[in-house]
Protein chains: 2
Amino acid sequence: MNLKELADALGLSQTTVSRALNGYPEVSEGTRARVLNAARSFNYRPSTGARNLATGRSMAMRHIVPLSARHDMMNVIFSEFMSGTGEVYAEHGYDMIVSFVPKDKELQAYRDAVARGSVDGFMIHGPTRDDPRLPLLAELGVPFVVHGRSTGYNVPYAWLDVNNRRAIERATTYLIGLGHRRIGLVNGPEHMDFALRRREGYLTALASAGITADDALMTAGDLTEPQGYNAAQRMLGLSNPPTAFVASAILPTLGIRRAVEGRKLEVGRDISVICYDDKVSTLPNGDTAEPMFTAARSSVRDAGRRCAEILIDCINNPHLPLRQELWEAELILGGSTAVAKKEPTR
Amino acid sequence: MNLKELADALGLSQTTVSRALNGYPEVSEGTRARVLNAARSFNYRPSTGARNLATGRSMAMRHIVPLSARHDMMNVIFSEFMSGTGEVYAEHGYDMIVSFVPKDKELQAYRDAVARGSVDGFMIHGPTRDDPRLPLLAELGVPFVVHGRSTGYNVPYAWLDVNNRRAIERATTYLIGLGHRRIGLVNGPEHMDFALRRREGYLTALASAGITADDALMTAGDLTEPQGYNAAQRMLGLSNPPTAFVASAILPTLGIRRAVEGRKLEVGRDISVICYDDKVSTLPNGDTAEPMFTAARSSVRDAGRRCAEILIDCINNPHLPLRQELWEAELILGGSTAVAKKEPTR
DNA sequence: CAAGGTCCTCAAAGCGCTTTGGGAAACAAC
DNA sequence: GTTGTTTCCCAAAGCGCTTTGAGGACCTTG
């Protein structure tokens, strides 16, 4: 059933039917109702292809994911974030297109999508320092929103970020307040902007307390459980081991706990741990009354929802100033932190 | 840059340029090369909307996800599976469209997508017993592939499933072989087909060994860490507690371990645990030499890849018989299982 | 040289929608 | 009765591609 057939069945012109369906005022309420009824009973939907062609809009947002990101922390966070964006897209009639492309074809994929006119906007995940996608998108002149920011790219663009620096600074400062002086950092991949900022926050807190940073207590990697385990194993084996850890995600935190318990120590008594928790509901810490881990928390799903709103807003109001939002993470007390038991020997 | 402009720039007709680009044989190799070169240098891409309209194909596969599935085990598994499908789609020039819809609008979403001609095929996730989507899709006459199967729907359809029943039967039988007689089952939501089959496997193994199933040792739920924790807490508190667990995913398994350790017991010594592990790389058990948990394993990403291939095959060869593949899970020995220490008192 | 094949190319007709630029009918005002 | 104003509706022109049906140019062959 296409528009022509529907119009014929109603004894109206295509124009009138189209206008009736799209809410234009030049149609009497009587005929509009008649048209809507008929459309419903025939289960008519306008062809997306034809509509794209006629309007020049695709009603689709594209998320381009380089395949190399598969094994990053991306998996879980991605799906949370994307389901947030997807909900909002759907509410506004947009489709979400997800493209997985080899890393070396990533930039071309943006060009292609624009050239094909198959997209109204892009959502950018996991920006790095000096992210090459941002200048490209600016050049292409297509709406986009970044989840995060890119240090080094200083032209204004729309973004939503969590104050990673402040969150980790507060977390670290809290540990210092509990008497910890040797604090291990288990960070995400430091080409990622969020990880860089977290590291800065960690260093700032140490510096403010007059503690010298120690390279042996800092590590960066993939934010998996084994990463946390391996890092904690190594650090706890030092002659001058840490009494606390700041971890960049819940999975390495579980690994840290495994390493701690493997040494017959206990998290929250012998060793303190704070993690940055992306609030993913299927993981521990989800809904218990007293959280297992003290954590800096923020909701990735909410961030996804808001990013989608911003993107839609960019499209609808292209001339408004670009939105930039910095969210603060909450610092939530849980059972994994305690006053330092003993000063490590100097 | 559109086809007309490209043709004008080359001094050729649109027909010839279109044919050259799409590999038709009626074009001399000389002009084809000329056309391809020009297209590349102008960064020309055919408009997807126009092409859809002209060909009647959308070059897109759609994954419709009901919002209620958000908090199921779906999150992590979904993203693994989808990245598998996405890779293959991309290799074959298909886009992946992901729609999140409220549960009560789910079926209508399939109808809509078909009516709009916005999709060439559907991928069906997480089938339930008597899944209403399958008869609908058959009625709509559009290609689809199911990841899993639906007990109760007996018309042939394309599917790929893991032999969940056999995997859990083998796991349970293995525990029985180690001398365990009281074995707890922490299963997924039992309206889901995969969970039903796993339960059957568990019951079959018990029955074969002449062990009477005990309702107090069976639980079904969301496959989160707290689910495992709560279930294990309850069962370990029974007067006649289990000495082993079979869990349906890695997250509840972590919860079980937490409960076990909370009682000053140890997994792999006092209590044995086998889990069904969907092989998600960011979780524990990912890459260590000796796996932490004994597990039945299969790769969701590979399943995604294969499902996508099957779907594309359905589209390209609509008259071939529908493909149905049953994969066996591997049973991998890890450190979480041991001979039962003592018979529970009868 | 005419007839019959090959190659290569093209004009034009859609695909199903939106949107422009009117225009008929009904009504009100003079 | 004529002239404006509304109100409602329509024919037709695209949007950018693919594909049909033909035809010109160039070889072969007899």
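A polar contact is defined here as a pair of N or O atoms within 3.5 Å; within protein, one atom must be able to donate a hydrogen and the other to accept it, and residues adjacent in sequence count only if both atoms are side-chain atoms. The model is predicted, so that local features require pLDDT of at least 70 and side-chain atom pairs pLDDT 80 or more, whereas totals for chains, interfaces and linings use all residues. Residues are numbered from 1 along each chain as its sequence is written, chains are lettered from A and ligands numbered from 1 in the order in which they are written, and side-chain values use heavy atoms, without hydrogens and water.

In chain B, side-chain N or O atoms of Tyr24(B) and of Tyr44(B) each lie 2.7 Å from a phosphate oxygen of DNA strand D. For Arg51(B), the corresponding distance to a phosphate oxygen of this strand is 3.0 Å.

Around DNA strand D there are 28 residues, of which Thr15(A), Leu3(B), Ser18(B), Arg19(B) and Tyr24(B) come nearest; a residue is near the strand if one of its heavy atoms lies within 4 Å of it. Of the strand atoms that come within 4 Å of the protein, 60% belong to sugar and phosphate. The surface near DNA strand D receives at least two residues from each of α2 (14-21) and α4 (48-55) of chain A and α2 (14-21) and α4 (48-55) of chain B, helices being DSSP runs (H or I, at least four residues) numbered from the N terminus.
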